[in-house]
Amino acid sequence: MSEIPFGFGKPNDDDNNGETGGRPGGNPANPFGFGGDIGEALHRFADLLSWQGGPVNWDLAKDVARQAAASGDRSVVESERSAVADAIRLAELWLDPATSFPSATTSARAWSRAEWIEATLPTWKTLVEPVAVKVVDAFGSGLPAMPGMPGMADPDLDAGELPAHMQQMAGPLMSMMRQMGGVMFGGQVGQALGALSREVVSSTDVGLPLAGVGTAALLPAGVEEFGSGLELPGDEVRLFVALREAACHRLFAGVPWLRGRVFAAVEEYARGITVDMSHMQEAMGSIDPTNPEALQEALAGGLFEPQDTPAQRAALLRLETLLALIEGWIDDVVAQAAQGRLSGADALAETVRRRRAAGGPAEQTFGTLIGLELRPRRMREAAQLWRLLREQRGVEGRDALWEHPDLLPTAEDLADPQAFVDRRDVDVDISGLDTPPDEA
């Protein structure tokens with residue numbers, strides 16, 4: 001489990017290099033725009049607290065993300081758009097014999113970092129808000145019980161519980177602090193997404209079609225960085241990334257319950273989040289609530305450290321396993337499609353593996369935003385399992401396991417892929433299983 005609280009990643013000064021980006025005076029390390037003219041700062045502060053769109057201030061998150069992505073970002077030129085469209089078309093042809101799932105891409109896009117942020121933000125909202133609700137609510141309910149507030153010295157009350165005579169008085173304060181929690185969460189989510197935009201190569205780089213199934217998109221700047229140092233032609237690198245992108249879209253289009261299953265796993269984890277109220281009260285009692293920088297420092301210091309319960313560990317394991325199965329399947333399908341066609345396929349696949357081991361986009365994002373620490377070993381085992389299934393049962397036999405979630409390998413199966421493949425009951429029979437729900 002990540003040591004960074006959920007939604008509150010530690011600022012990475014190295015990524016910013018002191019550059020501001022975005023509007024004048026903007027700085028991803030200070031996403032709230034304070035400093036300089038006091039009148040402008042107060043106006044900005046009032047705007048932030050006026051947000052009414054849910055637990056996360058997504059206007060701020062988008063603003064901060066775009067600032068963080070701005071340094072070095074460039075517009076995509078027409079030749080790059082044409083090259084991406086050609087790569088996606090060729091990738092679809094190569095994938096036809098490698099999987100039983102049909103082509104699913106309906107459009108091919110070439111994005112700048114800013115365009116990636118705009119296009120993927122709706123999916124991030126769905127992923128992040130189940131966790132944000134619990135954290136922001138705790139932020140509001142924990143403040144009134146902080147030490148030193150008049151009328152709070154009542155030994156018969158539980159931590160965080162307000163005396164009856166204080167409830168009406170504290171209501172506006174609790175509401176304001178929830179707003180502050182949304183501001184803090186929005187700023188930190190924005191920093192995480194801005195940093196992620198500087199690393200991703202496509203719309204599915206975290207194992208999900210973030211812009212919706214069918215919209216295949218590559219980031220030319222990210223693809224160029226991905227292939228740097230490999231001494232491979234740029235069109236080969238682009239085509240390899242296009243294969244992974246198109247394969248992911250085929251999987252999610254062919255398995256309509258899969259996207260909803262991933263989101264349900266995140267929500268299940270969020271339901272198990274509890275916040276250490278005594279820790280919150282101690283931290284909040286030592287800072288000035290009107291000082292956003294002090295609040296942000298408290299958040300980054302572990303104010304919202306989740307409780308490590310068996311239910312949460314089980315939910316994390318299920319999500320980790322599902323994401324590993326998705327990535328492992330893509331690995332196997334792309335290896336087959338590229339075999340004998342891309343001379344650098346093995347080197348590119350090894351780059352993907354090293355990227356994971358070092359903490360690639362999926363690992364960093366899920367670790368920061370929902371506390372999930374993906375383990376590269378589990379992904380390697382998933383790829384091995386899908387390869388063994390294909391070798392023994394063919395492409396259709398391998399892909400048939402996606403017909404129902406109960407047919408998928410478990411975490412225990414990933415520990416011994418060969419044993420799973422050898423079991424007689426791995427033969428697909430869904431006659432006695434309930435029909436899985438379609439994508440949520």
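**Aromatic pairs and a buried histidine**

Tutor: Trp-386 and Trp-402 are both buried. Keep in mind that this is a predicted model.

Student: Thanks! How many aromatic pairs does the structure hold?

Tutor: There are three aromatic pairs in the structure. In one of them, the ring centres of Phe-101 and Trp-329 lie 5.8 Å apart with planes at 55 degrees, so this pair is tilted.

Student: Where do Phe-101 and Trp-329 sit along the chain?

Tutor: Phe-101 is in the loop between α4 (78–95) and β1 (107–110), while Trp-329 belongs to helix α12 (residues 310–338). The pair links distant parts of the chain, 228 residues apart.

Student: Are those two buried or exposed?

Tutor: Phe-101 and Trp-329 are both buried.

Student: Back to the tryptophans, then. Why does the pair of Trp-386 and Trp-402 count as stacked?

Tutor: Their planes are at 15 degrees, with ring centres 5.3 Å apart, so the pair is stacked. Trp-386 lies in helix α15 (residues 376–399), and Trp-402 is in the loop between α15 and α16 (411–415). The two residues are 16 apart in the chain.

Student: New topic: which helix has His-249 in it?

Tutor: That's helix α8, which covers residues 234–254.

Student: And is His-249 buried or exposed?

Tutor: His-249 is buried, because its relative accessible area is 0% and the cut-off for buried is under 20%.

Student: What does His-249 touch?

Tutor: Leaving aside residues up to four places away in sequence, its contacts include Ala-104, Thr-105, Ser-203 and Thr-204. Also among them are Pro-209, Gly-212, Val-213, Gly-214, Thr-215 and Ala-216.

Methods:
Residues are numbered from 1 along each chain as its sequence is written. This is a predicted model: local features need pLDDT of at least 70, side-chain atom pairs count only at pLDDT 80 or more; totals for chains, interfaces and linings use all residues. Side-chain values use heavy atoms; hydrogens and water are left out. Rings of Phe, Tyr and Trp (its six-membered ring) pair if their centres lie within 6.5 Å; planes under 30 degrees apart count as stacked, over 60 as edge-to-face and the rest as tilted. Helices (H or I, at least four residues) and strands (E, at least two) are DSSP runs, numbered from the N terminus. Buried means under 20% relative accessible area, exposed over 50%, partly exposed in between (1.4 Å probe, protein chains only). Contact means heavy atoms within 4.5 Å.
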